[in-house]
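Trainee: I would like to learn how to read side-chain features in a structure. Could you walk me through some?

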Amino acid sequence: MKFSLFVHMERVSPNDPEPRLYQEMLELCHMADEGGMCAIWTGEHHGMSFTIAPNPLLNLVDLARRTKNVRLGTGTVIAPFWHPIKLAGEAAMADIIMDGRLDLGIARGAYSFEYERILPGLDAWNAGGRMRELIPAIKGLWAGDYVHDGQYWQFPATTSAPQPLQQPHPPIWVAARDPNSHEFAVANGCHVQCTPLHNPFSEVESLMQRFNDACAKNPEVPRPKIMVLQHGFVAKDRADAEMAAQELNHFYNYFGAWFLNKRPIRQGLIAPLTEEEIAAHPFYSPQVMRDNLLIGDVPEVIDRLHRVKALGYDEFSLWIDSGQSFERKRASLKRFIEDVMPAFQ
């Protein structure tokens, strides 16, 4: 099982200058590259200081000139916000600039906050439909002289300009949760990204079962890869782990508030939650975070990751966005690279 880093710029206070946040993100990425991680992933989000990532390809092209070893992946681009010709061309150009290190992850998106601003009226069903139409179209454009007459896009014969450096094309990953998404990904020869979020380990097991079922239904397709993405913190001791659980509980409360899209937002920042609101959340608590996320000292984290590896996952991606200070993120990542990863080499 390989290890990667999943990271965005993350702004939790109006006092955090964005140029400093970008430099901090670059330092974490440098640590991942020098420390032997296999990839760095960053996503796409709009108008949200909680997760600043307006164009992952732009970030990855910059990272390509600052790193030597890692693959560089979109985790993920939001399918409904891209025209197939535009995504095929921009991803291919990025692959050339990045010397063939691009992995292209694609999702339907999740935040109604973004849908109502970029494609008002879009729902999850049509977002999923756009993703399932987009991926074959991109492959067709990379192959060349491709005509498309779909539900969401129509265009005459077109060839992506440029074409990607990797042939026949960069690896494509699909963010999958429900069985239909797993089946679509496998049937189309795509790798799978999945996240259990704050759910128990049984969800990690269930996600793998959905993937295995999809592979069984498509025996003619070579088995793709599957990656699990999860928040984590490698603590120096038990007290440090408890503190991380408190911090990630705050993070998930804000994550949930953005997802519900009911709270006032000003200057890209959501109205602060009170401690009472956080304590009263029906699904999140520090204990839930401690039990379900990859939080613990080095031996505990190693033990938890061995359970993930035993299920057959090809890659574990450490989701480092957490609302924590940069210093705490850096300390956790250092312990992950120096103390945890050697147990899997």
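Trainee: Which ring does the charged end of R307 sit over?

Mentor: Look for an Arg carbon CZ within 6 Å of a ring centre and within 35 degrees of the ring normal. In this predicted model, the ring is that of F201, with its centre 3.9 Å from the charged end of R307. R117 gives you another case: its charged end lies over the ring of F113, at 3.7 Å from the centre.

Trainee: How many aromatic pairs does a search of the whole structure find?

Mentor: The search finds 15. Take F251 and Y252: their ring centres are 5.7 Å apart and their planes meet at 80°, so this pair is edge-to-face. For that label, the angle has to be over 60 degrees.

Trainee: Are F251 and Y252 buried or exposed?

Mentor: Both F251 and Y252 are buried. They also belong to one aromatic cluster, together with F50, Y111, F113, F255, W258, F259 and Y284. You have met F113 already, as the ring beneath the charged end of R117.

Trainee: Now a residue in a helix, please. Where does E114 lie, and why does E114 count as buried?

Mentor: E114 is part of helix α4, which covers residues 112-118. Buried means under 20% relative accessible area, and E114 counts as buried because its relative accessibility is 2%.

Trainee: Which residues does E114 touch, not counting those up to four places away in sequence?

Mentor: With those neighbours set aside, E114 touches E44, H45, H46, M48, I78, F81 and L119.

Terms used: Residues numbered from 1 in each chain as written. Predicted model: local features only at pLDDT ≥ 70, side-chain atom pairs only at ≥ 80, totals over all residues. Heavy atoms only, no water. Phe/Tyr/Trp six-rings, centres within 6.5 Å; stacked < 30°, edge-to-face > 60°. Buried < 20%, exposed > 50% of the residue type's maximum accessible area, 1.4 Å probe, protein only. Helix = DSSP H or I, 4+ residues; strand = E, 2+ residues; numbered from the N terminus. Contact = heavy atoms within 4.5 Å.
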